Amino acid sequence: MGGVSNAVSQSPLSPLPSSDRPDVAARLRDALLGASFTADGLLELLGAPAYAALARSETVPALRATRGDTPLELLVRLFLLQQPVPHARVADVLPVEACLESGWLTRVGGDGVAATVDVRPYGGPGGEDWFIVSDLGCAVGGAGGIGRRDEGVVLGVGGASTTLAGITVRTPVAAALDLGTGSGIQALHAAQHATRVTATDLNPRALHITALTLALSGAPAADLREGSLFEPVRDDEKYDLIVSNPPFVISPGARLTYRDGGMGGDDLCRTLVQEAGERLNEGGFAQFLANWQHVEGEDWQERLRSWMPRGCDAWVVQREVQDVNQYAELWLRDAGDHREDVAEYQARYDAWLDEFEARKVKAVGFGWITLRRTGAAVPSVTAEEWPHPVEQPLGDTIRAHFDRLDYLRDHDDAALLEAHFRLGAEVVQEQVGLPGAEDPEHVVLRQNRGMRRATRVDTVGAGFAGVCDGTMSAGRILDAIAQLIGEDPVLLRDRTPTQIRLLVEQGFLEPVR
């Protein structure tokens, strides 16, 4: 999450490395790579259990695994575990004097040096060796992280960050915008397929750290702008891709810039979505993580539909719902309040519940929102609940969803029956019924890729999907099925297109164009 809220106070955090020394960042990068300080190198050194513990901000297993004196063990202790190391030893591994001069390292004790920031290896989607910079002790971002209370703190990689990176549509674009960039993870991804990347954040410290992340990862510099939401973006600027992992936490007040929106309830997420539409070029995508309120007497899907900007297709996927008690506990623990004074913790908890009660909020949903700018007369808005496992990355799956919307809009039932289809990748059929029964009670088609959907079909739908290999039109397949089951082919052609549309919309069938 990055800051896009209303106010930020002076941060007591430590000074950051200089962001205008790309030469030092390049030398530091070469040294890190030379010592195998990479995602693969860490996994090999630490082993899977300790590596996974490190991703949960648990450092003891990694400390136990780095008791030796190899260059890689030294770098893990220095940049991930915040342990001072001897100056003479680190001089054999890093350009230590340049790092001290530019602020990546600082002197401690008699002859030791320590890191001023967390530097975490991060594997890019194409096998790139990247590095995410964050504040000390904050390499893991989001709920369950280190629990720093400094308002201006900048977190590193968390589950939300990687989720957004995985669902983002990755096609070559001219201009991309990362709102609330935080430590620059989304900007780093966007730099691989966008000619120009703009990254904004309310917190100037986050912009500084984003510059460090990009430089240390060997990525092009971004256009960095300070401000909330779309404030730093000119009215005439349009983008082909907008992404945001905003401070979506619904909380009383704006206590922590990296996570608390500073607006009432879910207004920040609503505002972000509503203002995004006019900032998109035709065909452009805007993709966000968001929280939304489940209000008494109100359908959550209708609430989300009311957010959608005109001129945009939209796909909302609710991945999780928590009751207000669970939600408050999650984010109080994120801030480390449970480790402090009991009375203060209870007072904060009570304040959260007061806020929810005043707004008649019974639960909070979490999920993804994708917009695509469209010239369609009637845009499509889909809001669904899908808490089941999915296969990341989903960017191609999401792009294909909107492509299929265009296809279905352009084909009436008659055109659909003339079209050719093939079964989607790794779709299997399951027959459900009592053991020994002659016929199944129902048939289920299940995807083993992407969203991993499952849908129930009748015997005609199952037979139709099973025959689709792109060689015969839908109408000819239905005529053959009608002959087999002794049904009037005209009636079958009349009633089946609705089922075909659903199978195409959900990706079980793919048009052969």
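**Reading the model, one definition at a time**

Q: Which strands does helix H5 (residues 71–80) lie across, and at what angle does helix H5 run to S3?
A: In this predicted model, helix H5 lies across S1, S2 and S3, and runs at about 60 degrees to S3. A helix needs at least four residues, and the stretch 71–80 meets that cut-off.

Q: In what order do S1, S2 and S3 stand in their sheet, and what makes S1 and S2 edge strands?
A: The order is S1-S3-S2, in an open sheet with antiparallel pairing. Strand S1 (85–86) and strand S2 (105–108) each have a single partner strand, so one side of each has no neighbour in the sheet, and that puts them at the edges.

Q: How do you know that S2 and strand S3 (residues 112–115) are paired?
A: Pairing asks for at least two bridges. S2 and S3 have 4, in the antiparallel sense, so the pair qualifies. For a spot to look at, find Arg107, which stands opposite Val113 in S3.

Q: What makes S17 and S19 the edges of their sheet?
A: Here 3 strands form an open, antiparallel sheet in the order S17-S18-S19. Strand S17 (427–432) and strand S19 (454–457) each have a single partner strand, so each keeps one side without a neighbour in the sheet. On average, neighbouring strands of this sheet are turned by 30 degrees against each other, ignoring direction.

Q: How do you know that strand S18 (residues 442–447) pairs with S19?
A: The cut-off is again at least two bridges; S18 and S19, which run antiparallel, are joined by 4, so they count as a pair. Leu445 stands opposite Thr455 in S19. Helix H17 (residues 459–467) packs on this sheet, where it touches S17, S18 and S19, and its direction makes about 120 degrees with that of S19.

Q: What is the volume of the largest pocket, and why is it called a pocket rather than a cavity?
A: The volume is about 580 Å³. Of its 24 lining residues, Thr397, Ala400, Arg404, Gly507 and Glu510 are the closest to its centre. The word pocket is used because the space is an open one, whereas a probe in a cavity cannot get out. Helix H15 (395–410) gives the largest share of the lining, 7 residues. By class, the lining of this pocket has 7 nonpolar, 7 polar and 10 charged residues.

Q: How many cavities of 30 Å³ or more are there, and what lines the largest cavity?
A: There are 3. The largest cavity holds about 100 Å³ of space. Its lining has 14 residues, with Met1, Ser161, Thr181, Gly182 and Asn245 nearest its centre. Sorted by class, 10 are polar, 3 nonpolar and 1 charged.

Q: What makes the peptide bond between Gln392 and Pro393 stand out?
A: This bond is cis, with omega about 0 degrees. Pro393 is found in the loop between strand S15 (381–385) and H15.

Q: Why is Ser36 picked out?
A: Ser36 has a positive phi, near 60 degrees, and is not a glycine. The loop between helix H1 (22–34) and helix H2 (39–46) holds Ser36.

Q: How confident is the predictor, and where does the pLDDT fall below 50?
A: The chain averages a pLDDT of 92, and 94% of the residues score at least 70. Over residues 5–11 the pLDDT is below 50, and it also stays under 50 over residues 143–148. Predicted coordinates should not be read in detail where pLDDT is low.

Methods
Residues are numbered from 1 along each chain as its sequence is written. This is a predicted model: local features need pLDDT of at least 70, side-chain atom pairs count only at pLDDT 80 or more; totals for chains, interfaces and linings use all residues. Side-chain values use heavy atoms; hydrogens and water are left out. On a 1 Å grid over the protein atoms alone, a cavity is a set of points where a 1.4 Å probe fits but cannot get out, and a pocket is an open set with protein on both sides within 12 Å along at least five of seven lines; lining residues have an atom within 4 Å of a point. Grid points are joined across faces, edges and corners, and a volume is the space filled by probe spheres set on the points. Helices (H or I, at least four residues) and strands (E, at least two) are DSSP runs, numbered from the N terminus. Ala, Val, Leu, Ile, Met, Phe, Trp, Tyr, Cys and Pro count as nonpolar, Asp, Glu, Lys and Arg as charged, and the others, Gly among them, as polar. Axes are lines fitted to C-alpha atoms, for helices over the stretch in contact, and angles run from 0 to 180 degrees between N-to-C directions. Contact means heavy atoms within 4.5 Å. pLDDT is the predictor's confidence in each residue, from 0 to 100.
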